[in-house]
Every structure is written in C-alpha cells, then in structure tokens.
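Hi everyone, thanks for coming. I'd like to walk you through a structure that is probably new to most of you, so have it open and follow along.

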Amino acid sequence: MTKRRELAKWLVVLVALHCVIACAGFFAPYDPVTQDREHPYAPPSRLHFLDTQGRVHLRPFFYPLRIREGSFDQYQEDTAQPIPVKFFVDGARYKLLGWIPCHLHLFGVDDARVYLLGSDGYGRDQLARILYGGQVSLLAGWLGAGITLSLGLGVGAVAGYYGGWRDEILMRLAELFLALPWLYLLFGLRAFLPLSVSPLEAFLLIVVVSGTLGWARPARLVRGVVLSAKQRDFVRAARGFGASDSYLFRRHILPETSSLLLTQATILVPQFVLAEMTLSFLGLGVPEPVASWGNLLANLQQYSVLMSYWWMYLPALAMVPFFLTYLGLASALQEWSDFSKIGASREQG
Amino acid sequence: MRFVSRRLIHAVLLIFGVSILTFLFTSLAPGDYFAEMRLNPQIAPETVIALRAQYQLNRPLPVRYARWVESALHGDLGFSFSYNSPVGPLLWVRARNTLLLTVTATLLAWGLALPLGVWSAERQGGLPDTLISWTMAVLLVVPDLVLALGLLLFAVRSGWFPTGGLAAVGFESLSPLDKLRDLALHMILPVVVLVLTALPVMVGHVRAAMAGVLDAPFLRAARGHGIPRRRLLYRYALPAAANPLISLFGFSIGALLSSSLLIEVIMSWPGLGPLLVEAILARDLYVVIGGVLLSTLFLVAGNFVADILLFWADPRIRTEAEATR
Amino acid sequence: MQLLIHVENLVKRYSRRTILGSREVVSALNDVSFSVAPGRTLALVGESGSGKSTLAQCLAGLERPTSGRIWFEGRDIVALGENQLRAVRPQTQLVFQDPASSLSPRFTALQILMEPLTVQARVGRREARERALTMMERVGLSRDLADRRTAEFSGGQRQRLAIARALSLAPKLLIVDEALSALDCSVQAQIANLLQELQSSFALTSVFITHDMAMAAHLGDEIAVMDRGRIVEQGSPEEVLRSPEHEAARRLVAATLGSSVTPRAL
C-alpha cells in the first residue's frame, strides 16, 4: 500500500503545482503585458525585515528601485520609502482560468511596482510572465501529449487487434517515423508554415504538428498490450459467446491499456513542454507579446543579457519542479503497475 | 554476411522512406523561400514567378523529388537559395564539426557511464549507488536547454571559458599545440552539456543490466575461483550484460545528434544545428531537407552499427543465422 | 443418428518470425479427423505440444484452420463468414485450462456469469441476473460469492464458475480443455463429478481434453490419442488402456499407473 501512498504524494504535488500556474492571476501581483519604461531590466527586489535603523518589522517590506544617476541599468534602493507588503490585496483585474473575473491577488504593494523576480527590457514583471507563461507551455505539453496518445492508441489498437496487413503497414510507418530526428522535422515543418501568425494560431500549430509526429512510440507500446490482451483466455472466452469486436475492445482490451497510457502521459507531457520551449526559444513558437517559458528564455540569446541580467535565466528554473514531479510520478506509476502485476500473477499461481 | 546485407538494404530503404516523407512534409506546407519576396511590393510578381521557375519550384512534386534524388547521387543534394551553392558541400563542412562534437561526447559519455553504472550496480543500495542515482535523477529532470543556458551563463560571468564558436581570433597564428588547446577549450562546454544530458539514461541502463548479471551463478563460480574483482566485472560480467547496452549505443548516437542541434545553436558551435535553424528561418528548402536527411543518416547508421555489433557479440543470434541459411 | 460434430482433415499451420526476420512454419494440426455423436463424450488425450488446445480452439470457432472441414450439426463452420460464425459460437463453449486467465480479474463473479447473456442480449437484466445466480448454485457455488472478484476464489471455485459461464448459453457442445490439470487432486475429483452430472442433466455432447489417461478413461465414452498434430489411436477406453498400440498411447497409459483415479473401465 505504500506504493499507492507514494503515488498519491506525487499526484498531490503535481496538482498543487498546476493549480499555482492555473491561478496565475492570483499569485502574480501584475499582469504579464503591462510595460514600465522606467524600470527596464530591474533586478529582483529584496525583501527586508530589518530597516536601516536596525528595527525589525513583522510585516516584510521592499525599498523601491530607482535608476542610479548617470547609468541606464544600474539600480539602487531608495531607503527613504519602505513599502510594506500587503497580502490578499485588490489589484489589476484578471480572469481566473480565463473565465471568472477576479481582482484578488496574493500579495501586492501600494504606490510602486515591485519586481520579485526582476523585470525584462520592457519593464514587464518576470514573476507574472513566468506564471502566465507556464500556462501556455504546460497547456502545449498537455494538448500535444493528448494528440499523440490518441493517435498512438488508435494506431496501436488497430495494428494489434487486427494484425495482418494492417499491422505490417502501420508498423513499417511507425519505424519510419521513429527513424526521423523528431526535433529536426518539427522545426522543418514549423518553418514552412507562415511565420507571422497570431499567437493562438502559432500555439495550435505547434501543438498539432508536434502531436502528430510523436505517435510512433506509444503506438508500438499499445500494440504490444493489445496483442497480449487479445491472447488472454478471458478475451477468447468472450469471443466464444459471440461478442463483437467492438464489445471485446471496449470492455476487455481497452482497460488493459489504461496503465500504459497513464505512464506514457507522465513521460510525454514534459517532452512536449520542452518541444514548445525549444521552438519558442528559437523564435519558431509562440510569439511576443504572449509569454511562454520558451520565449522568455529567448532573451538569453543576447550576450548583453547573459552578461548583466542574470535573473532572466530564472524562467529556466521554473520548469524544474514540474519536470521533477512528472518524473517522480512516472516512476511511481511504473513501480505500482509492476507491483500490481506481480501481485496478480502470484494470486493466479 | 546475409545478415549484414539484409540490414544494409533495410537501412537504405529506411533512408529512402524518410527522404520521401521529409520531401512530402516540407513541400506540402504552404510558402517557400520566395514567399517573403512576394509580400515585398518593390519586387514585381513576375520576377518572383521567374525565380521560382528557375529553381524549378513550380514543377509537380514527383518531378522535383526525382530531380532531387538525381542531384543527391551526384553529392549535391539540391541547391541552397541563401548560399547560392549546392547543398552537399555546405552540409559536409558543418557535419564535420557536428561529428567532432557528438563523437567526442559519445565516447566520453560511455567512458563515464560504464564505470559509474558498474560501480553502482556493485554496491546496490549503498551510499555511492544512492548518490549516483540522485545525481542522475537531477540530470534527467533538467532539460538540455536549461543546462546549456546555465553553463553559458556561468561561462560569461566567470570568463573561464569562451562563449561560443570553434576557434579564437588569431587561431591561424597559433602553434599546433596551442591550436589543440584552443579547440579543446571551445569544445568543453558543449561536450559537457551533451554528456550530462545523455548520462542519466546510460548509467541507468548499465546499472540495470549489470545488476541482472551480477547474481548469475557463473559469476559466483568465477569469484569462487579467486578471479580479481576488476577483471571479474569487466571481462566476465560486462560482456554478459552487453546485449541491451549495444542496442542502447546505437540509440545514443541518434539521441546525442538530436541534442546537439539545440546546443550548437545556444553555444554558437558551427555545426549542422545553426545551419538548419538559419535555413528554416529563411525557408531554404533543400538545405532543410538535406539537414534532416543527414541527421537521419547518422541515426540509421548508428543503429546499423549497433545491429552489426550485436550480431558479432551475441553467439545466439549468429547460430540462428547459420541455422536458417 | 446424425453426428453432432464431424471433423475432416483438419490442418492448422502457424508461421513464426525469428529474430532475423525469416519465417518459420509450425504445424500444430496435421490432418486430424474424428467425429462425436450427440450426448457422447470424446476424451482427447495427448502430451503437451500435441495440438490439443489448437484443436479445441478450432472446434469452438475461435481459430480458423488452414484447411479441412468441421461439420457442426450438418454445417461446415470453416466455410462460414465471421458474422455467421459469431452466431454459431455460443453453441460450442470452451472451458479453459487456467481459470485465473479465463476469468477477467476486473469483473465480479456475477458480472462474469451475466456477460454471455448480456452480450447475446436475449434476456433483460433482471432475468439475466436470476439465471446467473441459479447457475452459480447449480455448480455448487453459494450466492454470497456473487459480488466477489475472482481473485478471492480458490482454483476449484474458479473452475466451477468457468463451467457455469460456459453452460449459461445452453450450448450443444462443451469442450473442456485440460480444465482439471491446474487443480489439486481432491478438487479434480469433485469437478470431474460435477462435469459428469451436468453432462447427463443438460444432455451435453462433450470433448474432454487432457493429458491424464486415467481421467480420460473415467470421463470419456471414447478415447482418441493425439501426438504431434495427428490422431494416432482411437477406441473405447478398455481397448486403449488394455492394449495401447501407438507409442504415444503407451507412454500415456504408463504414466497413469500410480494415478489415484480408478478408470471406469477396469
């Protein structure tokens, strides 16, 4: 049972992380597109509990950042005006989950803009951009994985169940697709589609294209499961009392694929998120001004940014807890399904 | 020999299939090199049409494919619009650089993965094993994009490593030894990233394969004969565990090639990666096709080598081949 | 008297792929012919690999033979299309060797028994449920077990369930494929008795497949010995037991000396 508990632990963490991203509007003090020309490339603001006179404040506060005289990107703290942090404040309007209008934010400050994770060249809040960008990247990951798994399930099921020439052709096709360097072809395909499309179109484009390229590996795995399920005696018995193919498939064979599909999903989603990030990083994915983890990192292609503005690297770290959780979930799922298979065969033995 | 020739035919057919698929995909997509030109009001539409005709982009698909195959057999692989030269030589120069990187990375990665995997399999559950597993888990989680950018950031801020390119300015005037050192210095970061991204999967497989073998009776018998530990591990255990590892070797070449695409772009290494991205952005059709095909070729070649190695290494497959002759 | 089942020159070949991609042909059934009269039991005896299970699958319409004919109630089921065959299949039911794999681990006992009736859609749910419960008791399982999953059943209970399921559609032919081999000796005897009793009360025709010659003699009206895809000897239990001619038959008879089941014939 500890296997199940471990699985539950990972699941809880995953759901929590996704909730944070889904409620980006709540956790971010500002929206991701408002520019602030007075604070380009502002470094992350430091949270203080001790003020310049050595007093401890229970409520943490920031000092506003002003550009130092004579420079154009060096900031210093203006210690004359401490700005206390307020929690659960009213702020800019946003739509929770893209639908429910809200204006409650987790934290915020009055009279100034405070950048917890710094700002970019246009003075946009990086924290907000990372959270909202996560929505785009994660959604791309899920949709892409969904398309691939659906295709893979369909193809694998047909190949495994009917066998014969259908199986031959489909598996040869799969071999072809597996031989393709996936990323290369993705780039190639993307590039030959119109380069200047709206963010929504670009998003859908990369999702659909990458989804349709990756079906081969899941298809092979599904085929294996379907083949072995087809040979199981209880499936034969069901055929024996006159069950039609679709009934057999629906009631007996499809349930066998569920654990495989789950495990594959936990492996594929991060891969598709990474694909979106790579494409956007190279300018072939989601374009500005919409934020995605990939195009947030695109700034780092400039030497000056690498040299002076280290906080622009932070979006790269944002995805690490997600990938870690997906990996943990994948291995917990794997162990759990192995475990239940061993348990089942021990009972039958 | 029949086995080898059969695998060879299989590989060639695969490459053909991929070339058709790539051709189909890239040609079906709307837009081409001259699409941007068409939007430019300063260029007359007739010019665009004439250019397209000159490069034969207006011919039907099968005709274009046939001509491309012909050009491929001559070593040209089509024509690049941006560079105004045949694609073949262009690719070749870049391919050499990519191979330099990937081959070094492959050797280094396996050179590390084998001892690490063997070591952690030997001390399963012990501290070294746990440490290695954790490190590998972290490396597995961190995507190559993040790692490459991170190392680049480090290079820029520390100033210890060059931040791009193949050679420093004034390369030509260096002594041979200095040239080598300069090259190595430029190679370190990209190779490190490639190795670190490939390592977790490899170490995992080596460990699993070795752990499976270490319990075997024949190994215990050998230990009973007093054979020293290192010999035992590397001359007895490892060959028995080799099968899945050889297949992984073939696969790892392909995986490293794919990773190198992105890393070359980030680290400004003049290999196939940047060329491909550039060509994609410029819609240089034949360069893209050529690039995709070349990397597929390496991938297929890697698998082919792995098949041959497997055939040579595993006596069971050989005897079955003899039997069916 | 019309024969219920008449098998003529049945051949079944499989092609296998080896690692190198070449094809290998395996002959599971090599020109098998026999017949069974209604209400009689044919015991098919053979060692593993002799083709017994393949024959069982072909008789039940679950595998198509490579060539040959199977006349079931005067119709050649080999010649039938898939849709027609599906209509015939309920009349030839198979009880498998391993009840753990022939009963879906996800379903409860009741669901398993109701499935044939639901699939055939002959009766409503309530009626199907009643019939299923009645069938359970008929094979010696208490109604309380209805909502349990088969993982909690013993081997003997599972086989009873499998038999109940096979009989739920009132088949004309019951094929029992090594159904007793996976059970303990004492349980074997119980199930064997159950089969005999069901056979007479339902007026079933059966083909009983086993590698145990003693069991075959106990349950069968006639014995056919299979070896490597062929029927090598046929006759009444007395004949085969007293004077086995073919080497395979002799081996099988020798193996039963020391078996605890007393053959009916001797």
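**A walk through chains A, B and C**

Let me start at one particular spot: A:P289 sits in the loop that runs between α9 and α10 (293-297) of chain A. What kind of peptide bond joins A:E288 and A:P289? A cis one, with omega at about 0°. As background, most peptide bonds are trans.

Before I go further, please keep in mind that this is a predicted model. For chain A the pLDDT averages 84, and 95% of the residues score at least 70. Which helix of chain A has the lowest mean pLDDT among its elements, and which the highest? The lowest is α5 (residues 182-191) of chain A, at 72, and the highest is α3 (residues 126-162) of chain A, at 92. A general caution here: where pLDDT is low, the predicted coordinates should not be read in detail.

Okay, chain A as a whole. You can count 13 helices and seven strands in chain A. Its C-alpha trace spans about 85 × 50 × 35 Å along the principal axes. Chain A has 349 residues, and 42% of them count as buried. If you take the contacts in chain A with a separation of 6 or more, residues 24 or more positions apart account for 68% of them.

One helix to pick out is α4 of chain A, residues 164-179. With 16 residues, α4(A) reaches 23 Å from its first C-alpha to its last, close to the 22 Å expected at 1.5 Å a residue. Which residues of α4(A) are buried? Look for A:L170, A:A174, A:F177 and A:A179.

Now, what does chain A touch? Let's take chain B first. Here 31 residues of chain A are in contact with 39 residues of chain B. On the chain A side, the elements giving two or more residues are α4, α5, α9, α11 (303-308) and α13 of chain A. Which of them gives the most to the side that touches chain B? That's α5(A), with eight residues. Yes, that is the helix with the lowest mean pLDDT in chain A. By class, this side of chain A has 29 nonpolar residues, two polar ones and no charged ones.

Then there's chain C. In this case 17 residues of chain A are in contact with 23 residues of chain C. At least two residues each are supplied to this side of chain A by α8 (233-240), α9 (245-281) and α13 (320-348) of chain A. The largest share, seven residues, comes from α8(A). Sorted by class, the side of chain A that touches chain C has eight nonpolar, four polar and five charged residues.

While we're on chain C, let me describe it in its own right. Its secondary structure comes to 10 helices and 10 strands. The radius of gyration of chain C is 19 Å, close to the 18 Å that the globule rule gives for 266 residues, so chain C is as compact as a globular protein of that length. Its C-alpha trace spans about 55 × 50 × 45 Å along the principal axes. Of the 266 residues of chain C, 44% count as buried.

Back to chain B, for one helix I like: α11, residues 242-266 of chain B. This helix has 25 residues and reaches 35 Å from its first C-alpha to its last, close to the 36 Å expected at 1.5 Å a residue. Where does α11(B) bend? At B:S260, by about 30°. And 18 of the 25 residues of α11(B) are buried, so the helix is largely enclosed by the rest of the structure.

Last stop: backbone angles. Most residues other than glycine have a negative phi. B:S268, though, has a positive phi, near 55°. You'll find B:S268 in the loop between α11 and α12 (272-282) of chain B. B:S268 is partly exposed, with 19 other C-beta atoms within 10 Å.

Chain C has a positive phi to show you too. C:A170 has a phi near 50°, and this residue is found in the loop between α6 (155-167) and β7 (173-177) of chain C. Is C:A170 buried or exposed? Exposed, because there are 10 other C-beta atoms within 10 Å, and 12 or fewer counts as exposed.

That's my tour, thanks for listening.

Terms used:
Residues are numbered from 1 along each chain as its sequence is written. Chains are lettered from A and ligands numbered from 1 in the order in which they are written. This is a predicted model: local features need pLDDT of at least 70, side-chain atom pairs count only at pLDDT 80 or more; totals for chains, interfaces and linings use all residues. Helices (H or I, at least four residues) and strands (E, at least two) are DSSP runs, numbered from the N terminus. The expected span of a helix is 1.5 Å times one less than its number of residues. The bend at a residue is the angle between axes fitted to the seven residues ending there and the seven starting there. A residue is buried if 20 or more other C-beta atoms lie within 10 Å of its own, exposed if 12 or fewer, and partly exposed in between; C-beta atoms are placed from the backbone. Two residues are in contact if their C-beta atoms, placed from the backbone, lie within 7 Å. Ala, Val, Leu, Ile, Met, Phe, Trp, Tyr, Cys and Pro count as nonpolar, Asp, Glu, Lys and Arg as charged, and the others, Gly among them, as polar. pLDDT is the predictor's confidence in each residue, from 0 to 100. The radius of gyration is taken over C-alpha atoms; the globule rule is 2.2 Å times the number of residues to the power 0.38.
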